[in-house]
Amino acid sequence: MFVTASGSHENPAVPDQFTPFFLEWEPQVRRYLVWLEGDLSIIDDVAQETMISAYRYWERLSTLEQPRAWLFKVAGQRLADAQAARSRLGVLAEPPDVCASLTARDETATCDDRLHILEAVRRLPPQQAAAMALLIQYDLPFREIADVLGISVGAVKKHLHLARKRLKEWLDAEEGGFHGA
Amino acid sequence: MALEKRLREAGRAVDGLWTDDQATRDRLARIRRHLSPTASSAAVGTAPDAATAPDLAGLVVQCRRTLASSSEALHVRSSLRAVAGVTAVVGLSLVDHGPQRLREPALRLTERIARSAPLTDARAVALTDTDDLRPVLLLLGRLLGEAGVAAVGVAAGAEEEGVYWEMIEVIDAFDEARNTVIEMLRRLSESERSWSHHHAG
């Protein structure tokens with residue numbers, strides 16, 4: 001018989017309060033990740049790992065009035081790990097197209113041209129993209145964005161300024177090229 | 001259109017994603033299975049019955065977590081054996097219950113892994129939904145890649161020659177197994193494409 005070191009699970013069952021928490025926050029974590037990553041299999045993976053971490057830290061997490069900063073921080077760290085692993089190991093197969101897969105999995109999903117701006121945000125440096133996602137998607141105050149990213153409020157403002165500047169340059173250049181063609 | 005407005009509209013579009021409550025409940029159910037102590041039953045070689053059989057993706061995810069949390073060489077080697085075990089379980093499940101075009105590479109996968117690690121009592125898990133095969137194979141491919149990197153680390157620090165050669169064999173086996181997984185993913189994509197063409201026609 002071969003041996004596996006099974007993960008230790010202090011609680012034999014998922015606590016009842018975790019269910020509503022999961023239903024509310026797991027989709028929010030995914031919506032945050034979709035600003036940062038286009039590969040749906042990585043989003044699936046990272047969202048799952050984040051929620052498993054939430055379960056493991058449930059005793060502490062359940063006491064927080066606003067757990068979103070913790071969740072987004074963990075999701076960001078897990079995403080960085082997954083992206084580093086992808087760079088190291090390469091892509092196994094063509095990643096599933098986010099828009100197509102989302103529409104197929106979620107009948108209520110709207111997947112139109114507006115999502116194309118996400119591709120531009122994903123091309124930003126990670127902290128700029130994350131700051132932009134947290135501001136646009138969740139209207140998080142600068143202080144909370146700073147907590148998620150582990151940086152100062154001043155740095156958040158700087159990231160957002162640079163992000164807007166770059167996005168504007170890229171989009172202007174694309175549209176200029178398009179109109180000129 | 002102004003940048004701010006476009007960003008806000010993208011935000012509203014993202015708000016429309018993952019709104020299916022039942023799909024979220026299904027994902028929670030999957031996590032509950034991962035967190036259940038019975039989830040590792042197939043990985044340790046016991047025969048999972050219909051009531052307790054974990055899903056293959058859950059096994060692979062749990063194995064990845066175990067490997068990622070292993071730091072000492074002895075622990076990593078134990079995790080690598082678990083990786084071999086889970087790979088064999090996936091292979092056997094596909095041989096027994098998978099689609100026809102995956103059975104031959106699945107058999108090769110199982111045989112290759114069995115040559116590198118002492119597998120006993122690995123059993124197939126009944127597959128209920130062939131749609132789940134692609135994520136399982138993607139996860140398994142990643143796991144095998146990560147396991148190969150971990151084996152290189154153990155080999156590099158090995159003081160005993162026996163351990164070094166054991167890890168070299170494991171590296172080769174996982175590398176070949178990963179190639180077979182990629183081949184299975186390709187076959188799966190081809191069959192999906194031909195299915196779409198057939199139905200579009």
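Helices here are DSSP runs of H or I that are at least four residues long, numbered from the N terminus. With that settled, Gly91(B) sits in helix 4 of chain B, which spans residues 73–97. One thing to keep in mind for every panel: this is a predicted model.

**View 1. Chain A as a whole.**
Chain A is built from 9 helices and 0 strands. Walk along its sequence and you get α-α-α-α-α-α-α-α-α. The chain has 181 residues, and 50% of them count as buried. Take the contacts in chain A between residues at least 6 apart in sequence: 71% of these join residues at least 24 apart. On the outside, chain A exposes about 9000 Å², with carbon and sulfur atoms supplying 53% of that area.

**View 2. Chain B as a whole.**
Chain B has 7 helices and 0 strands, and its pattern along the sequence reads α-α-α-α-α-α-α. Of its 201 residues, buried ones make up 50%. If we look at contacts in chain B with a separation of 6 or more, residues 24 or more positions apart account for 72%. The accessible surface of chain B comes to about 9400 Å², and 52% of it belongs to carbon and sulfur atoms.

**View 3. Helix 2 of chain A meets helix 6 of chain B.**
Here we look at a crossing between the two chains. Helix 2 of chain A covers residues 40–56 and helix 6 of chain B covers residues 133–157. Their axes come within 11 Å and cross at roughly 75°. Angles from 65 to 115 degrees count as roughly perpendicular, so that is the label for this pair of helices. On the chain A side, the contact is made by Ser41(A), Ile42(A) and Asp45(A); helix 6 of chain B brings Leu138(B), Leu139(B) and Arg142(B). Sorted by class, this contact has 3 nonpolar, 1 polar and 2 charged residues.

**View 4. Ser41(A) and its partner in the other chain.**
Zooming in on that crossing, we find Ser41(A) in helix 2 of chain A. Is Ser41(A) buried or exposed? Its relative accessibility is 15%, and the cut-off for buried is under 20%, so Ser41(A) counts as buried. The side chain of Ser41(A) makes a polar contact of 2.9 Å with the side chain of Arg142(B).

**View 5. Gly91(B) against its neighbours in chain B.**
Back to helix 4 of chain B, the home of Gly91(B). This glycine has a relative accessible area of 0%, so it is buried. Which residues does it touch, once neighbours within four places in sequence are left aside? Gly91(B) is in contact with Ala106(B), Leu109(B) and Thr110(B). For Leu109(B), the C-alpha atom is separated from that of Gly91(B) by 6.0 Å, although the two residues are 18 residues apart along the chain.

**View 6. Arg112(B), a buried arginine.**
Arg112(B) lies in helix 5 of chain B, residues 100–116. With 8% relative accessibility, it counts as buried. Leave out the residues up to four places away in sequence, and Arg112(B) touches Glu169(B), Asp172(B), Ala173(B) and Glu176(B).

**View 7. Two loop residues with positive phi.**
Asp139(A) has a positive phi of about 50°, even though it is not a glycine. You'll find Asp139(A) in the loop of chain A between helix 7 (126–138) and helix 8 (142–149). Its relative accessibility of 53% is over the 50% cut-off, so Asp139(A) counts as exposed. Chain B has a positive phi at Trp18(B), a residue other than glycine, with a value near 55°. Trp18(B) is placed in the loop between helix 1 (3–15) and helix 2 (21–35) of chain B. Its relative accessible area is 6%, so Trp18(B) is buried.

**View 8. Helix 8 of chain A and the glycine after it.**
Which residues of helix 8 of chain A are buried? They are Glu144(A), Ile145(A), Ala146(A), Val148(A) and Leu149(A). Gly150(A) follows helix 8, and its phi is positive, near 70°.

Note on methods. Residues are numbered from 1 along each chain as its sequence is written. Chains are lettered from A and ligands numbered from 1 in the order in which they are written. This is a predicted model: local features need pLDDT of at least 70, side-chain atom pairs count only at pLDDT 80 or more; totals for chains, interfaces and linings use all residues. Side-chain values use heavy atoms; hydrogens and water are left out. Axes are lines fitted to C-alpha atoms, for helices over the stretch in contact, and angles run from 0 to 180 degrees between N-to-C directions. Angles under 35 degrees count as roughly parallel, over 145 as roughly antiparallel, 65 to 115 as roughly perpendicular and the rest as oblique. Contact means heavy atoms within 4.5 Å. Ala, Val, Leu, Ile, Met, Phe, Trp, Tyr, Cys and Pro count as nonpolar, Asp, Glu, Lys and Arg as charged, and the others, Gly among them, as polar. Buried means under 20% relative accessible area, exposed over 50%, partly exposed in between (1.4 Å probe, protein chains only). Accessible areas come from the Shrake-Rupley method with a 1.4 Å probe; for residues, only the protein chains shown count as cover. A polar contact is a pair of N or O atoms within 3.5 Å; within protein, one must be able to donate a hydrogen and the other to accept it, and residues adjacent in sequence count only if both atoms are side-chain atoms.
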